[in-house]
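Visitor: I should like to learn how to read salt bridges and cavities in a structural model. May we work through an example together?

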Amino acid sequence: MMTTKKRKSSIWQLVSSSNIGRLFVILVPMLWLAAFFFIPFLVVFNISFTESAIAVPPYTSIFQWDATNTYATLKLNLGNYLFLFETSFYLDAYLSSIKIAGISTLITLLIGFPIAYFIARSSSTMRAVLLALVILPFWTSFLLRVYAWMGLLQKNGLINELLVSLGLVQHPVTMLQTDFAVYLGIVYTYLPFMILPLYTCLEKMDMSLVEAAQDLGAKPYQSFLHITLPLAKPGIIAGCLLVFIPAVGEFVIPALLGGSNTLMIGRVLWDEFFLNRDWPLASAVAIVMLLLLVGPIILMRKNNKEAL
Amino acid sequence: MRKRSWPLIIMAALGFLFLYLPIVVLIVFSFNESKLVTVWGGWSLKWYASLFSNQEIMDAAWVSLKIAVISASLASVLGTMTGFVLSRIPRFRGKTILSGWAMAPLVMPDVITGLSLLLLFVSMGSLFGWPAERGTTTVVIAHTTFCLAYVAVVVQSRLSTLDETLEEAAMDLGAKPSSLFFLITLPLIMPAIVSGWLLSFTLSLDDLVIASFVSGPGNSTLPMVIFSKVRLGITPEVNALATLMIVAVALSVLIALYIMRRQKRVVG
C-alpha cells in the first residue's frame, strides 16, 4: 500500500509539470460527477435529518441560529429513521422489494443462461445476428416495453383469450395488477442485462475444457457443473447484480403492472415524495435503500475488476 | 464439429419469442381500427392520425428530443473524457473515486438519482439563486450525469481492446499529447463514441422517473405524458407512438451495427 501511494502522482505534481491538458481531462469529469452525483447524496443525507414543514422548500434546516446570528445549533432529527423502523409498512416494503428483486433475478438467470450459452456457441455470423436481437430491446423504450405487457395481461387481453379458447381456464384470470405481473415485467425488461455479461463470459470460455472432461467420461451435467458454471461465475455475478440492484428500487414496473398491494420501496419513495410531499421522510427512505445497496454495488465493482 | 443440442435450441428460441412477442403484438394492435384494444377491427392508420394531431404529445415529444440531443452530446464529451482518463492515465490521486462515481449511476435506482438531484437543485436554488426554477436545463444536467456513465463504459471498453502500439508510435515520433489524442486516439474510438451518443440519446428519451423529479411545470417530457396516459389503461394512440419509436430505434441500431461491423473489417 505504501509503495503504491508514493508512486501516485498528485494533482499538484501534474500542475507543476505544466501538464494542463491532462489536469483538464481529469478535473472536468471529476468536478461534474462531484457536483451532480456525489454532492446530491450529501444533500439527501442532510435533508433526511430535517423535519417536514409547510414552507418553500418544505423542510426545516438542521442549523438553528440564535438571535444575534452568531451561534448555530446543529439539530438532527432522527425521527424519520425511527419512523421507518417502527412502522412495519416500510420494513415490509424493503423486505418485499428485496424478495421480488431476488426471485426475479434468479428467474432471469435461469432464462438468460441458455440463451447466452446458445449465442456463445453459434457460428460467428449467427452470433452477430442473435446478439443484435438481444441488444435491440435494450435500446427500445423501457416504459413502452412495460406498457406492452399491460395489453397482453389485462382481463380481456390476448393471453386470457388464448387461455379461454384453448379451454385451459373457464374464466379470464386476473394477471394485471398482481405480483405475478411485476415478476414478469422485471424478468422481461432486465433479461438483456443478464444475457450480455453472461455471453461475454461464456464466449471467452475454452470449449476444449468441456470436451476434455467429456472425453474423460464426464456426463454433460457433470461437465456443466464442474467446468462451465465455475468459468461463467464472473458473468453470473455481474448479470445478477445488474438486474438485482436496479430492480430493488424499481418504480415503473410496480406502478404499471403491480396491484395496490404490491409493496416496493421505489414506489413508496415516489408516493412519499409526490403524494405526501414529505421530503425528509422520502430522503430517509432513499438513504436506507442506498445502505442496502452499498454491499451489492461494492461486490459488483470487485467482480468487474477481477473479470477484467 | 459442434453438437446441435435440441433442448438448448428450443430454450433459446422460446427466450427470443418471449423478448419479441409483446413488441410484435403492440405493433400489430397499433394498426387496429377498433378502439377496444383487444378486439381486432381491421387495419387502420387512424391512431397515427390522431397521434399527430394530439398537441400535448407533440409538444412533449419536442421537449424530449431537445433534451435528448443536448444531454447525449454533453454526455459524449464528458463520458469520453472519463473513459479516456480511466483507461489511459495509469495513476492519479482520486482515480478510484472517479471510477466509482462514473460506474455507480449505471445501477443506481432511478428514484434515488431523481430525488437526490431534485434536492440538490432546490438547495442550490435557495443558496445561490440558481436554478431559479426547474425545467429543461435541470433535466439536461440530470440526464447528462447518468448517460455519462454509459458513454464512459463504452469508450473505456473500446480503449482497452485498442492496440496501444499506434499511440506509442505517434508518441515516439514526437506527437504532442493533444495531437496524439485528436489525430490518433479519437478517430480510433469514434465508433464507440457514436454508439455511446446513440445509447445516451435513447436513454434520455426514455427516462420517466428522473425527469419527473427534476422537471418543472410546463416542461413535461414524452415519457411523463405517456405515463400519465397509460396509468389509466391502454391507449391506442400510445400504441401508435410506441410503434414509431420502436421502428426508429430498430432501424438506427441496425444501421449503427452494420456501420460498426464494416469499420471493424476495414481497421482489421
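**Salt bridges and a cavity**

Guide: Let us begin with one residue of this predicted model. E203(A) has a relative accessible area of 35% and is therefore partly exposed.

Visitor: With which residue does the side chain of E203(A) meet in a salt bridge?

Guide: Side chains of opposite charge can pair when their charged atoms come close. Here the partner is R127(A), with 3.3 Å from N to O. The two residues belong to distant parts of the chain: R127(A) is in helix α6 (residues 124–139) of chain A and E203(A) is in helix α9 (residues 179–204) of chain A, 76 residues apart.

Visitor: Is R127(A) buried or exposed?

Guide: R127(A) counts as buried, because its relative accessibility is 18% and the cut-off for buried is under 20%.

Visitor: How many salt bridges does the structure hold over all chains?

Guide: There are four over all chains. One of them joins the side chains of E33(B) and K46(B), at 3.5 Å from N to O. E33(B) lies in the loop between α1 (6–29) and α2 (46–52) of chain B, and K46(B) in helix α2 of chain B, so this pair ties together parts that are 13 residues apart in sequence. E33(B) is partly exposed at 34% relative accessible area, and K46(B) is partly exposed at 35%.

Visitor: Which parts does the salt bridge between E56(B) and K229(B) tie together?

Guide: The side chains of E56(B) and K229(B) meet at 3.8 Å, N to O. E56(B) is in helix α3 (residues 55–88) of chain B and K229(B) in helix α10 (residues 222–230) of chain B, so the pair ties together parts 173 residues apart in sequence. With a relative accessible area of 45%, E56(B) is partly exposed; K229(B), at 22%, is partly exposed.

Visitor: Let us turn to empty space. How many cavities of 30 Å³ or more does the structure hold?

Guide: Rolling a probe the size of a water molecule over the atoms shows where empty space is left. This structure holds two cavities of 30 Å³ or more, and the second largest has a volume of about 30 Å³.

Visitor: Which residues line the second largest cavity?

Guide: Its lining consists of F36(A) and F37(A), together with P105(B), T113(B), L117(B), T145(B) and F146(B). The elements giving two or more residues to this lining are α3 (20–47) of chain A and, from chain B, α5 (110–128) and α6 (136–161).

Visitor: How do the residues of that lining divide into nonpolar, polar and charged?

Guide: Five are nonpolar, two are polar and none is charged.

Definitions and conventions. Residues are numbered from 1 along each chain as its sequence is written. Chains are lettered from A and ligands numbered from 1 in the order in which they are written. This is a predicted model: local features need pLDDT of at least 70, side-chain atom pairs count only at pLDDT 80 or more; totals for chains, interfaces and linings use all residues. Side-chain values use heavy atoms; hydrogens and water are left out. On a 1 Å grid over the protein atoms alone, a cavity is a set of points where a 1.4 Å probe fits but cannot get out, and a pocket is an open set with protein on both sides within 12 Å along at least five of seven lines; lining residues have an atom within 4 Å of a point. Grid points are joined across faces, edges and corners, and a volume is the space filled by probe spheres set on the points. Helices (H or I, at least four residues) and strands (E, at least two) are DSSP runs, numbered from the N terminus. Ala, Val, Leu, Ile, Met, Phe, Trp, Tyr, Cys and Pro count as nonpolar, Asp, Glu, Lys and Arg as charged, and the others, Gly among them, as polar. Buried means under 20% relative accessible area, exposed over 50%, partly exposed in between (1.4 Å probe, protein chains only).
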